[in-house]
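This report walks through selected side-chain features of the model shown below, beginning with aromatic residues and ending with the protein surface beside a DNA strand.

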Number of protein chains: 2
Amino acid sequence: MARVSAAARRELLIEATIRVMVRDGVAKATTRAIVAEANMPLGAFHYCFRSKEELLERVIETITDHTLDPALEGLRADGSLEERLRAGLGAYWQHVLDHPDEHRVTYELTQYALRESGLADVAKRQYQTYLAANTKVLETLAEVSGTTWSVPVPVLARYVTALIDGLTLLYLNEGDAGTAGAALDLGAEYVAGLARI
Amino acid sequence: MARVSAAARRELLIEATIRVMVRDGVAKATTRAIVAEANMPLGAFHYCFRSKEELLERVIETITDHTLDPALEGLRADGSLEERLRAGLGAYWQHVLDHPDEHRVTYELTQYALRESGLADVAKRQYQTYLAANTKVLETLAEVSGTTWSVPVPVLARYVTALIDGLTLLYLNEGDAGTAGAALDLGAEYVAGLARI
DNA sequence: GTCTATAGGAAGATAGAC
DNA sequence: GTCTATCTTCCTATAGAC
């Protein structure tokens, strides 16, 4: 292991942490489990990170980006406002179906961070990032289709964010992917209908 | 403490657990913290409950009822379908604003239970209970106003459940009660518009 | 930087006197 | 049933040789 720099080890530990969390849950991601996953000795942990809290801050930032990327990618499709909105939501939903355990971890991490005094604002920033992304999406969709929203964008952004988040959580906990997906389509149709020329 | 029966102690421990969880979080609700909150010796725990898991099962069932009660209460109002729906959602939302930490615990408990093999189906049952309650609400609202839903009730129930759940989580994590409340109103208006004579 | 060994504490659960 | 004292295990973090 002498051939890997400390900086590179930090990245390896972040990735190993996410793998452990996805497989076994946030509570099981102890420093011991993490270094074992990364094939490093226990002592390596504390000259790569000052504390476990410092690692978790990086993990939350990394996994939040993972969640957002597929949705923003899907929005690049062509077509009407409604078609593009459906494509974006569809891409996100497919990611949920393909990687349910990774999404479960994002919820666990939010709750975990919110209770740790040093990480409370990291949790808040996570949701502000979701909101900012959906706000940007709504503004862009209106702009390229030459319309405006008949509902204030901050309200609509929270509506969309909450529906996506709530349906994901419902699917993860209850398990009916088809009906939850239909509810997401219903939301896309409704939101698209709120655009005015 | 010799004057309290073991059965009564079980209830006292369940209530003490919820108080600790609301104040300090699920992870901090150790057996030691719980018995201290209930003013009992540590040894009392294990002749009231076989294990911590057995206690948590009872805690989840109890707190799920707490969450549902105010919403079902609010629905008893008079008025049109939309007025009654708004009253029910409004009563629920007021409960969230008044007791945010209690709602935070419900999310923490779901995640916690889902990772414990012995409690996984308790978590699933929690969400099935939410869904069943909202399904019942939608069916009752349609019945008393002589209408039917233009969208399949299972889809609509998931839509409502997810929007409520997502907006609660968003408010707890981000903090803008006013805008989240406005988004909930938007949802109530939309759903009410899906009723057909 | 890198590792082994260990400190120091807190968790759930139990043994055994009363 | 009731309590005190303790067992066992697992955690984060550090000390100190190389």
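## A tyrosine pair within one helix

In this predicted model, Tyr127(B) and Tyr130(B) both belong to helix α7 of chain B, which spans residues 120–144, and they sit 3 residues apart, or about one turn of the helix. Both Tyr127(B) and Tyr130(B) are buried.

## Aromatic pairs across the structure

Over all chains, a search of the whole structure returns 9 aromatic pairs. One of them joins Phe45(B) to Phe49(B) in a tilted arrangement, with 6.0 Å from centre to centre and 40° between the planes. The angle of 40° is neither under 30 degrees nor over 60, so the pair counts as tilted. Phe45(B) is buried, at a relative accessible area of 0%, and Phe49(B) is likewise buried, at 1%. The two tyrosines of helix α7, Tyr127(B) and Tyr130(B), also form an aromatic pair, in this case edge-to-face, with 5.2 Å between centres and 80° between the planes.

Ring pairs also link residues of both chains, joining Tyr159(A), Tyr190(A), Tyr159(B) and Tyr190(B) into a cluster.

## The surroundings of Glu108(B)

Glu108(B) is located in helix α6 of chain B, which covers residues 100–115. With a relative accessible area of 9%, Glu108(B) falls under the 20% limit and is therefore classed as buried. Its side chain reaches the backbone nitrogen of Val26(B) at 3.5 Å. When neighbours within four places in sequence are left aside, the contacts of Glu108(B) comprise Gln111(A) and Arg115(A) from chain A, together with Gly25(B) and Val26(B) from chain B.

## The surface beside DNA strand C

DNA strand C is surrounded by 15 residues, of which the closest are Arg9(A), Thr31(B), Arg32(B), His46(B) and Lys52(B). By class, this surface is made up of 7 nonpolar, 5 polar and 3 charged residues. Helix α1 (6–24) of chain A and helix α2 (31–37) of chain B each supply at least two residues to the surface near the strand.

Among the atoms of DNA strand C within 4 Å of the protein, 68% belong to sugar or phosphate, while the rest belong to bases. On the phosphate side, an N or O atom in the side chain of Thr31(B) is 2.7 Å from a phosphate oxygen of DNA strand C, and an N or O atom in the side chain of His46(B) is 3.1 Å from a phosphate oxygen of that strand. On the base side, a polar side-chain atom of Arg32(B) lies 2.8 Å from a base nitrogen of DNA strand C.

Technical notes
Residues numbered from 1 in each chain as written. Chains lettered and ligands numbered in written order. Predicted model: local features only at pLDDT ≥ 70, side-chain atom pairs only at ≥ 80, totals over all residues. Heavy atoms only, no water. Phe/Tyr/Trp six-rings, centres within 6.5 Å; stacked < 30°, edge-to-face > 60°. Buried < 20%, exposed > 50% of the residue type's maximum accessible area, 1.4 Å probe, protein only. Helix = DSSP H or I, 4+ residues; strand = E, 2+ residues; numbered from the N terminus. Polar contact = N/O pair within 3.5 Å; in protein donor to acceptor, adjacent residues only side chain to side chain. Contact = heavy atoms within 4.5 Å. Near = heavy atom within 4 Å. Nonpolar A, V, L, I, M, F, W, Y, C, P; charged D, E, K, R; others polar.
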